[in-house]
There are 2 protein chains.
Amino acid sequence: MPKHIDFQTDPSRYRHWKLVFEGEVTRLIMDVDENGGLFEGYQLKLNSYDLGVDIELNDAIQRLRFEHPEVKVVVLQSGKDRVFCAGANIRMLAGATHAHKVNFCKFTNETRNGIEDASANSDQKYLCVVNGTAAGGGYELALACDHIMLVDDGSAAVSLPELPLLAVLPGTGGLTRVTDKRKVRRDRADVFCTTEEGVKGKRAVDWRLVDEVAPRSKLDEAVSVRAKAIAAAAHKSSAQNGIALPPVERRRAADSNEYRYVSVEFARENRLATVTLRGPEGAPPANAGEMAQQGAAFWPLRLARELDDAILDIRLNELEVATIVFKSVGDPQRVLEHDMFLEQQSTHWLAREIRLKWRRVLKRVDMTSRSLVTLVEPGSCFAATLAELIFAADRSYMLIGQPQGDNRPPAMIILGDANCSGDLAMSNGWSRLRTRFLGEPESMHAAQDAIGKPLDAEEAESLGLITAALDDIDWDDEVRLLLEERASFSPDGLTGMEANLRFAGPETMETKIFARLTAWQNWIFQRPNAVGPDGALTRYGTGQKPNFDLKRV
Amino acid sequence: MPKHIDFQTDPSRYRHWKLVFEGEVTRLIMDVDENGGLFEGYQLKLNSYDLGVDIELNDAIQRLRFEHPEVKVVVLQSGKDRVFCAGANIRMLAGATHAHKVNFCKFTNETRNGIEDASANSDQKYLCVVNGTAAGGGYELALACDHIMLVDDGSAAVSLPELPLLAVLPGTGGLTRVTDKRKVRRDRADVFCTTEEGVKGKRAVDWRLVDEVAPRSKLDEAVSVRAKAIAAAAHKSSAQNGIALPPVERRRAADSNEYRYVSVEFARENRLATVTLRGPEGAPPANAGEMAQQGAAFWPLRLARELDDAILDIRLNELEVATIVFKSVGDPQRVLEHDMFLEQQSTHWLAREIRLKWRRVLKRVDMTSRSLVTLVEPGSCFAATLAELIFAADRSYMLIGQPQGDNRPPAMIILGDANCSGDLAMSNGWSRLRTRFLGEPESMHAAQDAIGKPLDAEEAESLGLITAALDDIDWDDEVRLLLEERASFSPDGLTGMEANLRFAGPETMETKIFARLTAWQNWIFQRPNAVGPDGALTRYGTGQKPNFDLKRV
């Protein structure tokens with residue numbers, strides 16, 4: 001196992017994917033290197049994947065949006081003959097710890113949601129070409145795309161064989177997308193999910209499992225025609241020039257991760273990671289052209305990428321961290337100005353993409369199974385988009401006034417439009433404030449009225465924006481007690497509690513995937529029938545049949 | 001452990017509850033007999049409860065609707081001094097098998113949903129008087145009520161101490177009702193659910209955890225005033241006379257359960273329970289008066305009560321049954337006539353209650369974690385309400401025509417209004433047909449057009465009402481293969497898969513409780529941090545602290 005799992009990569013380093021650009025259409029080709037697994041002990045045969053393969057896919061999807069905004073259609077296809085993708089590697093799954101299985105599924109789910117986000121918000125449509133077997137996670141990858149074409153050769157099929165083969169669920173959104181996106185009738189979905197060999201040809205179309213089939217001899221032509229048709233229907237201009245996404249610079253030390261605008265400090269003995277975000281040094285660019293020139297160095301984008309990397313690093317590499325503490329340093333007015341700049345430029349593709357990137361990063365924060373605490377202290381800059389970290393937190397404390405000897409400006413929160421509009425919506429489709437104020441819509445109006453005004457701790461408390469305003473006499477003790485308490489609770493209990501309390505209000509396909517589907521899958525990932533010595537996942541490939549505890553629970 | 005857990009009871013046999021009738025107001029008094037536990041090994045101190053206590057509560061709630069429709073307000077209160085309810089008994093939970101924990105929580109959830117159903121649909125409002133500690137499941141019981149009054153005596157509090165005390169979740173709807181029903185702000189909910197001692201007095205009102213507080217000396221008066229006000233606001237007449245609910249007659253044999261209109265046959269070697277429903281013998285009553293005279297003997301009501309008992313019996317007493325097969329015998333026209341009669345009498349309280357009872361029983365079927373297969377054979381009567389069992393099933397097969405030598409009439413399905421209206425809605429708020437046809441609303445219209453027409457197997461298949469129409473050459477083999485296959489799969493995998501595939505479409509508070517909350521709780525109920533030898537649930541009361549695996553998953 002690598003010492004640290006690294007989420008940074010770029011096309012020059014891909015081992016499993018290729019991007020081929022053809023104007024408005026790009027081919028995203030999956031050609032997994034059997035020997036390129038992230039861990040020892042398995043081979044990635046038949047385009048099966050592990051986290052390393054998905055890290056590259058996530059990178060490609062992000063780059064297509066920022067580096068290639070001209071792309072209207074992404075043709076997701078296999079580089080192997082008569083094999084699309086065999087899904088998550090079973091040996092890898094069977095050998096992985098529970099925590100890795102859960103984290104792996106969460107990230108792959110976020111990546112697939114990222115495909116749907118690109119389609120819905122950046123008009124970058126995904127056309128999936130299933131040229132052979134698409135099994136399990138392979139078909140789930142197809143399900144995340146807008147249009148699925150299946151070769152009709154009498155053998156190629158789509159399938160979700162997890163239940164009959166492995167006694168687990170198709171956990172990367174498969175069950176939810178079959179019923180709620182493809183809207184397959186439930187009894188057909190039941191047949192489909194219990195049939196190892198899957199469904200092929202006309203029946204796959206009739207059941208809405210795929211959108212069309214084509215004979216092998218005509219597949220390339222059919223794909224080309226379909227890609228052109230999708231491109232022609234796109235609403236966006238193809239004249240946009242992208243910006244380059246250079247590697248996120250990060251200095252890793254024993255107890256810290258340093259980025260340009262993010263510092264992460266680990267106090268592992270206290271099971272704490274403190275993530276400090278730094279505000280912008282100066283004013284926003286004068287205009288969109290200047291923003292594009294700054295590109296990936298533009299503060300909001302750089303910060304978002306760094307925060308994303310920091311969160312993923314904690315998730316996968318710091319398993320015992322109980323609590324992430326968010327802090328910030330900077331001028332809240334400067335942050336607000338940057339938000340207003342993005343707002344003014346909201347018709348510019350890059351400004352839109354940056355906001356959408358923030359939305360995804362903040363969703364990732366929401367989905368992180370660590371306690372989240374935001375501390376609003378003197379000298380901080382929790383304004384507008386950054387204020388979302390107050391509302392994403394399980395608790396947020398704010399220091400009243402200026403403690404003696406502290407010459408930093410007193411803590412202030414400034415709300416921006418982005419906090420009240422749906423622009424940074426949670427996965428439930430609502431803004432964090434709307435979700436927060438489910439029971440008191442009048443507080444939502446009060447928050448809207450306060451947009452742009454610097455709010456001190458007592459004002460923020462009376463507006464319901466924070467958990468508590470504390471004076472400097474109580475601050476240290478209260479914060480210490482909270483963090484100690486959090487570290488003392490059962491890690492699992494907290495995960496379950498937070499996964500419930502964070503998501504009041506409506507449910508969407510996305511929240512269904514992360515709650516209903518994932519929670520059941522995590523349960524199954526604990527059950528001896530799957531992972532015990534006689535379980536199906538453990539015994540897969542040994543020639544021995546699993547031995548089940550027959551009680552239905 | 002009793003040989004069979006019996007869900008039948010009546011007030012004369014209650015050990016833990018009392019009903020005191022005072023006209024429009026009824027007092028439902030919880031006074032748990034410490035020594036009345038369903039199993040050995042624990043005492044039900046401080047009004048803590050086990051499944052036996054909840055079986056009585058469920059009985060009381062059902063009886064109030066049928067036997068006492070005149071009741072407008074149910075005052076749910078404690079018979080103990082300064083103790084409301086300490087929640088589910090911890091020793092019982094710690095000693096219970098995983099399957100029992102899950103089944104116990106499911107039934108208690110259904111009972112609490114039953115309180116909300118009585119309030120929403122029968123205008124029987126629940127006023128909860130918290131006269132002392134209401135901890136965990138005790139507060140969750142209060143949460144199911146319409147109005148919560150808390151004594152303000154400086155010590156009485158409501159609390160959800162499960163996480164800090166036991167490392168599990170408040171799993172009887174607590175987390176969901178706090179955020180989505182009481183709409184408590186999420187950071188306050190976080191404080192509340194991590195504070196062992198809970199919240200009392202004015203803060204409990206400010207945070208919306210309770211509706212009002214009253215000093216102990218004025219509590220009785222305040223309750224009386226509030227009860228009268230709620231009764232005065234009720235829309236229903238108090239002149240209604242109820243019907244008696246005699247015991248459900250059941251003959252239990254080694255391999256069967258015989259009721260008047262339901263037969264259950266167990267083929268345990270094949271892990272099968274076959275539930276056969278019998279249609280009515282004659283025409284529906286001439287009018288509402290005659291229906292009321294028949295009372296509990298009226299076919300739709302008697303059948304509903306019997307089916308409910310049969311399902312609960314399988315859930316709790318037949319843990320290894322993999323699949324429930326539904327069959328029916330009778331004249332589908334007679335079934336349809338009964339449905340139409342209920343429809344015509346829909347303003348009569350009893351007709352309404354019978355339909356609502358069916359809705360609850362069918363929801364219980366949906367929530368049963370066994371594979372459900374409905375076989376529509378010659379001589380069957382799957383019409384109208386009974387046809388819901390076709391749509392509730394994971395698969396439904398229908399035999400084409402009349403096999404040689406079989407002189408029963410060929411299988412016919414007849415749809416009724418109840419299949420297409422929301423009257424028998426699933427917990428997602430939609431009818432089963434609407435959920436089934438999420439992807440093809442045109443099929444919903446076709447079903448509506450077919451209401452009242454006897455549909456043979458091929459018609460039913462082309463309308464999408466069944467999984468497959470089979471001729472008698474294939475029937476036996478296909479059915480046998482399906483049932484064998486089902487028995488061969490992982491019981492847990494099936495539970496997870498069915499819990500996903502059955503609930504396409506919208507989510508409601510009810511589905512959130514059964515999916516998001518319950519699935520996470522079931523996961524936690526498997527985790528060593530709760531149930532392992534060093535886990536919090538296991539060690540509770542031993543004086544030893546739990547020893548946690550600190551990885552956050």
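**Close-up views of the predicted model**

**View 1. Superposition of chain B on chain A.** A turn of 180° with a shift of 0.0 Å along the axis lays chain B on chain A at an RMSD of 0.0 Å (least-squares fit on the C-alpha atoms of residues with pLDDT of at least 70 in both copies). The two copies are thus related as by a two-fold rotation axis. In chain B, the C-alpha of Trp523(B) is nearest the axis, at 2.1 Å. This is a predicted model, in which local features need pLDDT of at least 70 and side-chain atom pairs pLDDT 80 or more, while totals for chains, interfaces and linings use all residues. Residues are numbered from 1 along each chain as its sequence is written, chains are lettered from A and ligands numbered from 1 in the order in which they are written, and side-chain values use heavy atoms, without hydrogens and water.

**View 2. Patch of negative charge on the surface of chain A.** The patch gathers Glu458(A), Glu459(A), Glu461(A), Asp471(A), Asp472(A), Asp474(A), Asp476(A) and Glu478(A) (residues with over 30% relative accessible area and no salt bridge, like charges joined within 9 Å; a salt bridge is a Lys or Arg side-chain nitrogen within 4 Å of an Asp or Glu carboxyl oxygen). Helix 18 (457-462) and helix 19 (472-488) of chain A each supply at least two of its residues (helices are DSSP runs of H or I, at least four residues; strands are E runs of at least two). The largest share, 4 residues, comes from helix 19 of chain A. Asp474(A), in this helix, is partly exposed at a relative accessible area of 36% (buried is under 20%, exposed over 50%, partly exposed in between; 1.4 Å probe, protein chains only).

**View 3. Surroundings of Val248(B).** Val248(B) belongs to the loop between helix 9 (216-233) and strand 13 (251-253) of chain B. Val248(B) counts as buried, with 11% relative accessibility. Its C-alpha is 7.2 Å from that of Gln8(B), 240 residues apart along the chain.

Terms used: Patch = residues over 30% accessible without salt bridge, like charges linked within 9 Å, V, L, I, M, F, W, Y side chains within 5 Å. Areas by Shrake-Rupley, 256 points an atom, 1.4 Å probe, with all protein chains shown as cover. Lys, Arg positive; Asp, Glu negative; His and termini not counted. Charge placed at Lys NZ, Arg CZ, Asp CG, Glu CD.
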